[in-house]
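Biologist: Please take one part of this model and go through it slowly. I would like to know what packs against what there, and how that part fits into the rest.

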Protein chains: 2
Amino acid sequence: MNKGDILAAATSGYKGKAAKELQRAAVSIGDNITITKGGKAYEGTLFPRSEYADDTHVILKLKNGYNLGIELTEGTVIEFLSKGKKPEFVSPPHPKEKPELPRVSIISTGGTIASRVDYRTGAVQPALTAEDLYCFVPELSNIARIKATVLSSEFSENIGPKHWREMADTAFKELKNGSEGIVFSHGTDTMGYTAAALSFALRDLPCPVVFVGSQRSSDRPSSDAASNLMAATAIAAKAPFAEVVVAMHETNSDEYISIHRGTRVRKCHTSRRDAFKTVDSKPLGRIDLKNLDLNVLDETIRLRDQSRAPHVNANFEEKVALLKFHPNFNPEIIDWFKEKKYRGIVFEGTGLGHVNRACFEPIKRALDSGLLVGMTSQCIWGMIDMNVYETGRDLLAMGVMPLGDMISETAYVKMMWVLGQTTDIVKAKGMMATNMAGEFTQRRPL
Amino acid sequence: MNKGDILAAATSGYKGKAAKELQRAAVSIGDNITITKGGKAYEGTLFPRSEYADDTHVILKLKNGYNLGIELTEGTVIEFLSKGKKPEFVSPPHPKEKPELPRVSIISTGGTIASRVDYRTGAVQPALTAEDLYCFVPELSNIARIKATVLSSEFSENIGPKHWREMADTAFKELKNGSEGIVFSHGTDTMGYTAAALSFALRDLPCPVVFVGSQRSSDRPSSDAASNLMAATAIAAKAPFAEVVVAMHETNSDEYISIHRGTRVRKCHTSRRDAFKTVDSKPLGRIDLKNLDLNVLDETIRLRDQSRAPHVNANFEEKVALLKFHPNFNPEIIDWFKEKKYRGIVFEGTGLGHVNRACFEPIKRALDSGLLVGMTSQCIWGMIDMNVYETGRDLLAMGVMPLGDMISETAYVKMMWVLGQTTDIVKAKGMMATNMAGEFTQRRPL
């Protein structure tokens, strides 16, 4: 959603009966109003509605932060209380150019970080520019010489391979122009997928590429936006590694920020500030928020080397499916993807890597048509082992690829990337089995 | 897979070139053999192959427990070493009838528990009868008067709504016949789904129904089969609650067995003995393996009452889909399910309950056709909240149901059950939003 869309959303809204009633009461979106119905009075801010809404409900943002939909029935009274206030960014301090500091590029893609809730409308405004940033976290000017770029303003559920390509190209350009570390601000919903995508797309990185988001917007007391962004900038500026990582709160306190490898990280909670976890391994490192001291906890890191020449392979095959198997799974879906000319399927199987017998024939047909079929586990933690039970052995014998302990989200992104690099299925299988960006832990299958 | 199938698998196998070479060397499946190739000798047990296998590889189970496929090329030599040994159950001790002990029914459905690996073939034989059980865990006769029933011998990835119905009916019959506690032995892969299904299907339970499995088969030193089964039997015999639960190791040590509510439990590791976790809450209780003391940790339990008359509502609508949303998700799949006359879809959205804009129109079409569409989160932990961002609000406005902190697997099973009880969409929505079997934690949405 770009800024224009946000503004449109803020003024658009009611139709039919609801529009008429609001007009009659002379109230606009963002106003503080009272709605009295059945003897009860509800006080709050008038919210806009989506285009799919009916024309009989009015949405109030209550003082406790919740939204309430009130149906306009006979006798419902709407009253104006006061005008709402638009959020404003204060003027940024002017950072002195400090030539001794490393150059860090902050590229914003949207999301909650560095955005503010417009309390008139409840809309979150992703509005990150260099000036906003300094205003938001003035400490950044002591860590690095910042160059900020707005690439997009998307909620991350809308981000996909097209954006991954743009991000990879933008990072590459920044590196070519002398950037010594990259920060991507990103919505948290799909940040793990994007971090995995860029882990494969950006080859021979000279320096860190750090993804950062926030679970609470910057104008809430418990926001993690400023601390995460400060830590991410410090990692980009001085970390000794050249990896794609995610930097987010280690716990619910503000002590440490965890550094997760982009291919091993997963959002494991809907709302906690420490939602991001490294699966099946310890994080790559952590940064102490008191003094921005950085500790690396993984000896397998690729070291930073500013003289290394990066390149971009950001071609992702879009005809790849990620399928979670479950009881009563409809196996016809496998044929459907085959008929849609899909080139690969990653299963989230059960346990050690299983699907039921009803899937065997469709999987065999998919493999016979040249699809690449890989197996991961919906358990999330632990290694696939398809040699223990007959189901696994049968699937292996057909040609299903066991994907070790790669998490399903990374396996999916990797298969898209691999099939974007080659049409040779044997080569693709070889690439899938090779540890290219830390996507397998050291506890790898035989 | 029934026993006949297992035996067939154990003797079936090689074809073409591989069959000829094995015949020439006069070796059979299960024999210990040596294969020499390129100067290297591989010693192990000859494994059977699946019907999908090629005819040039021979599979050895090596002494380290791994299986190795060796391609038969020019100069490969196969030699017989010795005959393998079939596993045998020793004769069971005769348990004395102890009328003071409660009557517990153990109903086996298959899986690793109470099965043995046939080292001749590597096949796991699910072979649980009353006699096998006493032989396997003689302590059971001190806990309860056991009646054991073999319902099926399935790896749990093959279990679905048909089996759920059979299980519910069997449990009901056992209760009618005076059982004071039920144990289901079950493969671990889909045990969480089945426990959720029976949580809804068995109404007004008088006593506990305990699901139990094992992560390692009973003939391995680290097996959890005996301890889990003993704990499950003790829970069925004496727990003060009347709930459907899962009993599995609390940690990797043999100290405690956790008791998880059937609607809140998830297999979160492919191989660890403590793979099962209660999501977003503490377990319902735990049992101390030293003395089988049982502690209940949740005050919301429904109490045991042998006079309560249970009944079965085991009708599950099979036309329900569980879809994990991800970047590059193909929204056409939503229309496909609509065209297949599906009645419900549960999404595993991102974060607080989101999918991308490309899904909006297909979801709207599905809703317009009368499908029930619910939202859960792939984060697994934490509550859905679709009021925070515009994406969530738009989906809510369309009519997508937010499913609180119900885990996606339970939400899927519940929607199948709800749509199996009613064709009235308003009633179905009401049932989905009602806490019927502890599927919502106490931290529920407004």
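Modeller: What follows looks at one helix and its neighbours, then at the domains and the two chains. Keep in mind that this is a predicted model.

The part to look at is helix H11 of chain B, which covers residues 408–421. One partner is helix H6 of chain B, residues 191–201. The axes of H6(B) and H11(B) are 9 Å apart, and the angle between them is about 40°. An angle under 35 degrees would count as roughly parallel; H6(B) and H11(B) are therefore oblique to each other. The crossing of H6(B) over H11(B) is right-handed. On the H6(B) side, the contact is made by Gly192(B), Tyr193(B), Ala196(B), Ala197(B), Phe200(B) and Ala201(B). H11(B) brings Glu409(B), Thr410(B), Val413(B), Lys414(B) and Trp417(B) to this contact. Sorted by class, seven of the residues in the contact of H6(B) with H11(B) are nonpolar, two are polar and two are charged.

Another partner of H11(B) is helix H12 of chain B, residues 425–433. Here the packing angle is about 140°, and the axes are 9 Å apart. H11(B) passes H12(B) in a crossing that is again right-handed. From H11(B), the residues involved are Lys414(B), Met415(B), Val418(B), Leu419(B) and Gln421(B). They meet Ala428(B), Met431(B) and Met432(B) of H12(B). This contact has six nonpolar residues, one polar and one charged. Lys414(B) is listed in the contact with H6(B) and also in the one with H12(B).

Now for the domains, described in chain A. Chain A is divided into domain 1 (3–82), domain 2 (103–312) and domain 3 (320–433). The centres of domain 2 and domain 3 of chain A are separated by 31 Å. Contact between these two domains involves 12 residues of domain 2 and 10 residues of domain 3 of chain A. Helix H6 of chain A, residues 191–201, gives the most to the domain 2 side, with six residues. That side of domain 2 of chain A has seven nonpolar, two polar and three charged residues.

Last, the two chains. A turn of 180° with a shift of 0.0 Å along the axis lays chain B on chain A with an RMSD of 0.1 Å. The two copies are thus related as by a two-fold rotation axis. Lys324(B) is the residue of chain B that comes closest to this axis, with its C-alpha at 3.3 Å. Of the interface residues of chain B, 100% are also interface residues in chain A, so the copies meet through the same surface.

Definitions and conventions: Residues are numbered from 1 along each chain as its sequence is written. Chains are lettered from A and ligands numbered from 1 in the order in which they are written. This is a predicted model: local features need pLDDT of at least 70, side-chain atom pairs count only at pLDDT 80 or more; totals for chains, interfaces and linings use all residues. Axes are lines fitted to C-alpha atoms, for helices over the stretch in contact, and angles run from 0 to 180 degrees between N-to-C directions. Helices (H or I, at least four residues) and strands (E, at least two) are DSSP runs, numbered from the N terminus. Angles under 35 degrees count as roughly parallel, over 145 as roughly antiparallel, 65 to 115 as roughly perpendicular and the rest as oblique. A crossing is left-handed if the near helix is turned anticlockwise from the far one by less than a right angle, and right-handed if clockwise. Two residues are in contact if their C-beta atoms, placed from the backbone, lie within 7 Å. Ala, Val, Leu, Ile, Met, Phe, Trp, Tyr, Cys and Pro count as nonpolar, Asp, Glu, Lys and Arg as charged, and the others, Gly among them, as polar. Domain bounds come from an automatic or database domain assignment. Copies are superposed by least squares on the C-alpha atoms of residues with pLDDT of at least 70 in both.
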